[in-house]
Amino acid sequence: DVCSSDLIDSNSTVEMSGGTVYVSGPTNDGNGSIDYQGSFTITGGTLVAAGSSGMAQVPEAGTQSSILMYYTTAQTAGTAITLKDSDGNTVVTYVPEKKFSSVAISSPDLKTGQSYTLYSNDTKIVTFTLSDITTYVNESGITTKQSEAGGMPGGNGGQGGGFTGERQTPPNAAATNGTTAVTASAGAKSTAGTATTDGTTPAV
């Protein structure tokens, strides 16, 4: 692993209000692509976080719907994740650079009560209907939240949390009163084991 610790990491709360964030990694179940101890509120933007499943988390509050997909078999690095609506329109697509056994997705295009289909490359994995602000899914359809195993909540983020690496607050983000705010630009991208905002890569 280029980076084996938690990626989006807060010992308190996380807020995302816009932009695009892609996360690839980690691969060990003692850490997660998203790790927060308080709450993760999302009110805008697109988030795709692919990584291990043992500590997998997803935004569970806000005005925007999110899903967390659990795979029974780890997907190989380079497998394209594509989510489409019932009309066949692509909601999100992303190709993680590391293997993954879960993916958290949030997008303004996700609507409660609507049906969506998740693909790995061109293979249909599951079709489901969003049932709540946060929907948990596996290959059989809607499921329940999986218990989190391994590491401590908040991981290595330190008080107030943030992104991995040197724990610096990324560009366009502010951490106050224990809250990590994520406002990424539309040009954001990801690299293996890191989360990026504003098109930049935090030190690892």
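**View 1. Strands and overall burial of the chain.** In this predicted model, the chain holds 16 strands and zero helices. Of its 204 residues, 51% are buried, and the accessible surface of the chain comes to about 8200 Å², with 45% of that area belonging to carbon and sulfur atoms. When contacts between residues at least 6 apart in sequence are considered, 67% of them join residues at least 24 apart.

**View 2. Strand β6 and its two pairing partners.** Strand β6, which spans residues 66-75, has seven of its ten residues buried, so it is largely enclosed by the rest of the structure. With β9, strand β6 pairs in the antiparallel sense over six bridges, and within this pairing I67 stands opposite I105 of β9. With strand β12 (residues 134-138), β6 pairs in the parallel sense over four bridges, and here L68 is the residue that stands opposite Y136 of β12.

**View 3. The surroundings of S102 in strand β9.** S102 lies in strand β9, which covers residues 100-106, and this serine is buried, with a relative accessible area of 1%, a value that falls under the 20% cut-off. Once neighbours within four places in sequence are set aside, S102 is in contact with A49, A50, G51, S52, S53 and A56, and also with L68, M69 and Y71. Among these contacting residues, S52 also takes part in a polar contact, in which the side chain of S102 reaches the backbone oxygen of S52 at 2.7 Å. L68, another residue in contact with S102, is the one that stands opposite Y136 in β12.

**View 4. The surroundings of K124 in strand β11.** K124 is placed in strand β11, formed by residues 123-129, and this lysine is exposed, because its relative accessible area of 53% is over the 50% cut-off. The side chain of K124 is joined to the side chain of T127 by a polar contact of 3.4 Å. Leaving out neighbours within four places in sequence, the residues in contact with K124 are T117, L118 and Y119. The view also takes in E139, which is 15 residues away from K124 along the chain and whose C-alpha atom is separated from that of K124 by 9.6 Å.

**View 5. S102 and K124 side by side.** S102 of β9 is buried at a relative accessible area of 1%, whereas K124 of β11 is exposed at 53%. The polar contact shown for S102 runs from its side chain to a backbone oxygen, that of S52, while the one shown for K124 joins two side chains, those of K124 and T127.

How values were computed
Residues numbered from 1 in each chain as written. Predicted model: local features only at pLDDT ≥ 70, side-chain atom pairs only at ≥ 80, totals over all residues. Heavy atoms only, no water. Buried < 20%, exposed > 50% of the residue type's maximum accessible area, 1.4 Å probe, protein only. Contact = heavy atoms within 4.5 Å. Polar contact = N/O pair within 3.5 Å; in protein donor to acceptor, adjacent residues only side chain to side chain. Areas by Shrake-Rupley, 256 points an atom, 1.4 Å probe, with all protein chains shown as cover. Pairing = 2+ DSSP bridges.
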